[in-house]
Amino acid sequence: MLGGMQDFELRVPRIIDHAERENGRREVVSYWADGTTTRTDWAGVARDARRLAQALEALGMKPGDRIATLAMNHSRHLVAWYGAIGMGGVIHTVNPRLFDEQLVYIANHAEDRVLLYDRAFQPIVDRLRGQWTTIEHYICFDPADGDAGFEDFIAAHDGDYRWVEGSERDPCMLCYTSGTTGNPKGVLYTHRSSMIHAMAEVSPSVFDLSVQTVALPIVPMFHAAAWGLPFAGAMAGAKFVYSAVNEAAVLCRLMNEEKVTHSAGVPTVWLAMFQHIDATGHRPEHLRLVTIGGSAAPRAMIERLMKMGIRVSHAWGMTETSPIGTMGAPPADWDGLSFDEQVDLVAKQGRVPFGVELRVVDDAGAEQPRDGQSSGRLQIRGPWVIRQYFQDSSGECIDAEGWFDTGDVAVIHPCGTMQITDRSKDVIKSGGEWISSVELENAAVGCPGVQEAAAIGVYHPKWDERPLLLVVRKEGADVTAEQVIHYLSDKVAKWWLPDEVLFVDGLPHTATGKLLKTALRAQYHDHKLPTV
């Protein structure tokens, strides 16, 4: 048949080309840890990304090589994403909050060849570079004394460069999830998955991005691909305001100086902002859309933001879903709802954008009705949902029909709104990051005098959940809470340490001998952790 359409490979560099060509003068502002501010624009980001691609090739980097970053949010980190991907590489964003053993495992498992890092993380680099067996080159984003500095690294190159072409199914980005027991697992995004995800994100029912948007993403660029915003924002031609400092006073000032309209972050960010507003009377004056994800937003937080005239979007997703799975957006009958009904709706986890599908199944795998009552295991599938973990010999992590089991328990309402009701895995969510209760328990059992231990998440007004460690002493032992904490202090990340250790005579178990976490969570549901 005569006729047809042009066939373009969906590759990420097309995004930065579009941003440069159509919105090249739209600013990208960076507030740095030393208090200085720098300004570039999409044309500058594109130019520097090409220079970085040249510099990486000069080091011998080839398509498919992993280029790691250990950095906060700023324009040079943005350049690194597009430059590494543009030369055919795979950008690997490393989470500096992880424990040293995890950082060593992740970089070695990924076989990273280059590390670009912030001066703030120099202690991590100095401590671990002897254990990172595949990293050949260290480049500091800040002006450097020892390792090569980023600006010097790209200065020798002119930016006269053509992006590496290839299949849209080539990998472009690698993120590791700590939301599992055992070692973190790598999620390898493709050009195609990232492009389709970004096109979904710009829509009004997701991030509502346009050339008029001024966005200050508080979600770190190392956290689940910064929720896809570096790609979607460039696609829309939005102005970006980045801050390497996440203090409420700094963020509020930047929001007002730069007239920020959109922001995105975990709930703890907004709790800190409320404290700043109450203490100073200063508030973000131009903010009109706040996206909250990482952990469930308290109803009172949603209510207060909405009373400030700000639209609140509640997001749910995972590293394995690129990460957007659902997003709360005003439905067709929004204006007919009472304020309380609107808050009730926003407090749920939202609806899927076009591109992904959700379902809830029971333990036998039977799909449950969308009646807002029938709960079950939440499953998801779509072109930006994982098929198999990176370099994982256990094979695909989906079923024969492509469904990925999220590990969450949920209901789906008749309108399509999804609501998380529980978690099938006993992870503890603290400030948007996941703590493995199993790993915490296993570490605690190694402490002299500890017979058995159970870790559960207990409500915390700032961090959503914090770990409570329940310990059964060995017969005759007199181990103290302080000794248990001290023992754990070099076994797990500092922020994993339990807020309280309680000694109990015994712990409930299932018929097969497993800890009965549901009973423990019910028993300690209203437990008040000590305040520091």
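**Strands, cores and a pocket**

Strands β10 (residues 214-217) and β11 (residues 239-243) run parallel and pair over two bridges; strands are DSSP E runs of at least two residues, numbered from the N terminus, and helices are H or I runs of at least four, while pairing takes at least two DSSP bridges. This is a predicted model, with local features needing pLDDT of at least 70 and side-chain atom pairs pLDDT 80 or more, while totals for chains, interfaces and linings use all residues. Residues count from 1 along each chain as its sequence is written, and side-chain values use heavy atoms, without hydrogens or water.

**Strand β10**
- V214 sits opposite K239 of β11.
- V214 and L216 point one way, A215 and P217 the other, and all are buried (under 20% relative accessible area, 1.4 Å probe, protein chains only).

**Nonpolar cores**
- The largest core (buried Ala, Val, Leu, Ile, Met, Phe, Trp, Tyr and Cys joined through side-chain atoms within 4.5 Å) has 80 residues, and W42, L56, L78, Y82, M173, F207 and F231 touch the most other members.
- Helix α2 (residues 42-58) gives this core its largest share, eight residues.
- Apart from it lies another core of 33 residues, including L216, W270, I277 and V343.

**Second largest pocket**
- The lining of this pocket has 16 nonpolar, twelve polar and eight charged residues; nonpolar means Ala, Val, Leu, Ile, Met, Phe, Trp, Tyr, Cys and Pro, charged means Asp, Glu, Lys and Arg, and the others, Gly among them, are polar.
- A pocket here is an open set of 1 Å grid points, over protein atoms alone, where a 1.4 Å probe fits, with protein on both sides within 12 Å along at least five of seven lines; lining residues have an atom within 4 Å of a point.
- α10 supplies the largest share of the lining, four residues.

How values were computed:
Buried means under 20% relative accessible area, exposed over 50%, partly exposed in between (1.4 Å probe, protein chains only).
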